[in-house]
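Reader: I would like a close look at one part of this model, namely the cavity and what surrounds it. Please take me through it slowly, and tell me how far the prediction can be trusted along the way.

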Amino acid sequence: MKAILANLLLACYLTKVSSFSPILSNAGQIMDATTSLSSINSNIDDADDVHHRRRVLQTLSTSLLLQFLPASANAVQDVPTNQAATSAGRRQCQTDTNPTRTIVECTGELRQFNLDGRLSGVSATANGVSTSAVRNPSRFSPPWTYLTETSDAKVAWKSLIDAVKGVDARMEIVELTDEYLHATVPTEFPSGATYDDIEFLIRPEDTIVLYRSVSRTSVFLYPLTQPVSDKNSNLKRLEKIRNKLGWDALGERQEGSKMI
């Protein structure tokens with residue numbers, strides 16, 4: 001019995017189970033099953049190699065453990081981006097996955113995490129647009145100029161702040177300086193997502209405003225490796241802000257994803 005319990009603990013370690021509660025809740029069934037394991041153990045010839053016995057017990061006990069774990073036991077993981085196709089190119093991501101879908105949430109792409117002080121681009125595994133997404137044309141959107149309203153950067157910045165506040169009643173500005181604005185708003189699409197991060201950076205020397213609007217959460221449906229579309233909600237929100245300001249885009253405007 002001690003050997004079986006020890007191997008169950010080993011199985012917990014090997015399968016990276018973070019809680020014993022699913023096991024304890026099925027303790028009665030597990031104790032019944034251990035009788036079968038003990039029987040199998042006693043039937044192994046005493047002359048067999050001890051390592052072989054251990055391998056048999058480890059395999060059986062791991063199978064026993066997984067049998068009683070609920071489907072929701074898929075723990076949220078901090079998945080390295082270089083090991084997960086669904087978070088490639090993103091930073092500080094957590095992944096929750098089951099056989100039919102994968103949800104990735106990343107929070108490490110804001111300007112505060114960039115040593116060069118620039119806005120981040122947008123990975124192909126994320127929904128959104130950015131003036132910095134030069135390596136991913138489908139996520140690139142051109143800077144805005146405020147010269148159609150004013151040549152005074154301070155006036156333009158105040159106008160932008162007012163437009164951001166007015167575009168959505170759920171919008172919350174979480175950081176604001178004389179040159180940088182970071183706001184969050186609940187993600188519209190797809191369902192199950194969390195927040196969109198909207199960032200603006202004004203450059204008075206060039207009379208332009210740079211921006212980035214990206215959903216923290218990406219939802220992938222098996223076997224697709226492209227995220228479920230945000231139905232261009234990030235892009236549409238930005239265009240709504242720009243149109244309210246009456247500013248021009250310095251380049252061809254992004255049409256956005258045509259995927260559903």
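Author:

**The cavity and its surroundings**

The protein chain has six helices and ten strands, and what you are looking at is a predicted model. Of the 260 residues in the protein chain, 43% are buried. Taking the contacts between residues at least 6 apart in sequence, 52% join residues that are at least 24 apart.

Before turning to the cavity, a word on confidence is in order. The mean pLDDT of the protein chain is 79, with 66% of the residues reaching 70 or more. Over residues 1–25 the pLDDT stays under 50, and the model has 34 contacts beyond four places in sequence for this stretch. Residues 62–82 also have a pLDDT below 50, with 44 contacts in the model beyond near neighbours in sequence. Where pLDDT is low, the predicted coordinates should not be read in detail.

Now to the part you asked about. The structure holds one cavity of 30 Å³ or more, and the volume of the largest cavity is about 50 Å³. Its lining is made up of Arg-90, Cys-106, Thr-107, Glu-109, Leu-110, Asp-197, Arg-212, Val-214, Ser-215 and Arg-216. By character, these lining residues divide into five charged, three nonpolar and two polar. The element that gives the most to the lining is strand β8, residues 208–215, with three residues.

One of the lining residues, Cys-106, leads directly to the disulfide, since a search of the whole structure finds one such link and Cys-106 forms it with Cys-93, the two sulfur atoms lying 2.0 Å apart. The link of Cys-93 and Cys-106 is right-handed, with 105° about the S-S bond. The pair links distant parts of the chain, 13 residues apart, with Cys-93 in strand β1 (residues 93–97) and Cys-106 in strand β2 (residues 101–106). Both cysteines, Cys-93 and Cys-106, are buried.

Two other lining residues, Asp-197 and Arg-216, bring in Thr-184, which is in contact with both of them. Thr-184 is placed in strand β6, residues 180–186, and counts as buried because its relative accessible area is 8%, under the 20% cut-off. Leaving aside neighbours within four places in sequence, the contacts of Thr-184 also include Arg-170, Met-171, Glu-172, Val-174, Tyr-195 and Asp-196.

Strand β8, which gives three residues to the lining, can be followed from another direction, by way of Thr-145 in strand β4 (residues 144–145). Leaving aside neighbours within four places in sequence, Thr-145 is in contact with Thr-207, Ile-208, Trp-247, Asp-248 and Leu-250. Thr-145 is buried, with a relative accessible area of 8%. Although Thr-145 and Asp-248 are 103 residues apart along the chain, their C-alpha atoms are separated by 5.6 Å.

A last residue to set beside these is Gly-117, placed in the loop between β2 and β3 (128–130). With a relative accessible area of 22%, Gly-117 is partly exposed. Not counting residues up to four places away in sequence, Gly-117 touches Arg-111 and Leu-201. The C-alpha atoms of Gly-117 and Leu-201 are separated by 9.9 Å, with their positions 84 residues apart along the chain.

Definitions and conventions:
Residues numbered from 1 in each chain as written. Predicted model: local features only at pLDDT ≥ 70, side-chain atom pairs only at ≥ 80, totals over all residues. Heavy atoms only, no water. pLDDT = per-residue confidence, 0-100. Contact = heavy atoms within 4.5 Å. 1 Å grid on protein atoms, 1.4 Å probe; cavity = no way out; pocket = protein on both sides within 12 Å on 5 of 7 lines; lining within 4 Å. Points joined across faces, edges and corners; volume = space filled by probe spheres on them. Helix = DSSP H or I, 4+ residues; strand = E, 2+ residues; numbered from the N terminus. Nonpolar A, V, L, I, M, F, W, Y, C, P; charged D, E, K, R; others polar. Disulfide = S-S within 2.5 Å. Buried < 20%, exposed > 50% of the residue type's maximum accessible area, 1.4 Å probe, protein only.
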